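Subject: Structure handover

Hello,

Here is the structure I said I would pass on. Please have it open while you read the notes below.

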Amino acid sequence: MRQPMIVDRSRDEDFMREALALAAEGAALGEVPVGAVLVQDGRVIGRGFNCPISRHDPSAHAEMVAIRDAALALENYRLVGSTLYVTLEPCSMCAGLIVHSRVARVVYGATEPKAGVAISRGQFFTQDFLNHRVLVEGGVLAGECGAILSEFFKARRSLKG
C-alpha cells in the first residue's frame, strides 16, 4: 500500500522562486517565460523552461522539459511522490503528461485563462476517467508569476510598434 503524500507547504514559495528564475532564463532567450521544477523528497530532480521556439518542438513546455529531465535523471518514467512547481497553470498537453508520469502534486503560480485546465478551462485533474489523482494548488506567488508574463508580452508589443 502506498504511503500518503506529506505536503510541506513551507517550501512551496522557495521552489516557485526557482521556477521563476527558470522562467527568466527562458525570457532571456525570447521564449514565453514559464518555468518549472520537479521536486521529490525535498530535492529538485528536474528543471525546465518553455523552449518550443529554440528547440523547434511544440511540446517543449516548461512542465514537459522538467518532467523529461527528472525521468532521465531517475531512469524511471514514473515520478511517484513528486511535486511539480510551475509558474503558469498547466495546459491540456502538460496535464496529461503530469497524470501519466504519476506526479503527485502540482503547484502553479498564475492562472492561464486561455488554455489552463486546472481551473480556468475545465478541471482536468478531477475527471473520473483518470487512473491517477493529482493534488492541485494554485496561486503560489501568483503576482510575480503573472508579472513576468505581462512584462514579457508588453515588451514584445512595444517592439512591434
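In which helix is the place of Glu63? Glu63 sits in helix H3, which runs over residues 62-74. Please keep in mind that this is a predicted model.

I began with Glu63 since the UniProt annotation "active site", from an unreviewed entry, covers this residue. Is Glu63 buried or exposed? Its relative accessibility is 4%, and the limit for buried is under 20%, so Glu63 counts as buried. Leaving out residues up to four places away in sequence, Glu63 touches Ala36, Leu84, Val86, Leu88, Pro90, Cys91, Cys94 and Leu97.

Two of those contacts come up again in the record. Under "binding site", UniProt lists His61, Cys91 and Cys94, again from an unreviewed entry. These residues are spread over 34 residues of sequence, yet they cluster in space, with a largest C-alpha distance of 9.3 Å. His61, Cys91 and Cys94 are also part of the lining of the largest pocket.

Taking the two cysteines in turn, Cys91 lies in the loop between E3 and H4. Its relative accessibility is 15%, so Cys91 counts as buried. Apart from residues up to four places away in sequence, Cys91 touches His61, Glu63, Ala115 and Val117. Cys94 is in helix H4. With a relative accessibility of 0%, Cys94 counts as buried too. Beyond its neighbours within four places in sequence, Cys94 is in contact with His61, Glu63 and Met64.

Next, the pocket. The largest pocket has a volume of about 410 Å³. How many residues line it? There are 20, and those nearest its centre are Val32, Val34, Leu88, Glu112 and Leu149. The lining divides into 11 nonpolar, five polar and four charged residues. Helix H5 (residues 142-160) gives the largest share of the lining, four residues.

The other main item is the nonpolar core. In soluble globular proteins, nonpolar side chains tend to be buried together. In this model, the largest nonpolar core has 45 residues, and Leu38, Leu84, Ile98 and Phe125 touch the most other members. At least two residues of this core come from each of H1 (12-28), E1 (35-40), E2 (43-49), H3, E3 (83-88), H4 (92-100), E4 (105-110) and H5. The largest share, six residues, comes from H1. As for Phe125, its contacts are Ala95, Ile98, Val99, Ala118, Leu130, Arg133, Val134 and Val136, not counting residues up to four places away in sequence.

Helix H4 deserves a separate look. Its buried residues include Cys94, Ala95, Gly96, Ile98 and Val99. What do the buried residues of H4 pack against? They pack against H3, E3 and E4. After H4 comes Arg102, which has a positive phi, near 65°.

One last residue is Ala24, which is found in helix H1. Ala24 has a relative accessibility of 37%, and buried means under 20% while exposed means over 50%, so Ala24 counts as partly exposed. Ala24 and Gly146 are 122 residues apart along the chain, and their C-alpha atoms are separated by 12 Å.

To find your way around, start at Glu63 in H3, go on to the listed residues His61, Cys91 and Cys94, and then look at the pocket whose lining takes them in.

Regards

Conventions: Residues numbered from 1 in each chain as written. Predicted model: local features only at pLDDT ≥ 70, side-chain atom pairs only at ≥ 80, totals over all residues. Heavy atoms only, no water. 1 Å grid on protein atoms, 1.4 Å probe; cavity = no way out; pocket = protein on both sides within 12 Å on 5 of 7 lines; lining within 4 Å. Points joined across faces, edges and corners; volume = space filled by probe spheres on them. Nonpolar A, V, L, I, M, F, W, Y, C, P; charged D, E, K, R; others polar. UniProt positions renumbered as here; feature names shortened; annotations may be inferred. Buried < 20%, exposed > 50% of the residue type's maximum accessible area, 1.4 Å probe, protein only. Contact = heavy atoms within 4.5 Å. Core = buried A, V, L, I, M, F, W, Y, C linked by side-chain atoms within 4.5 Å.
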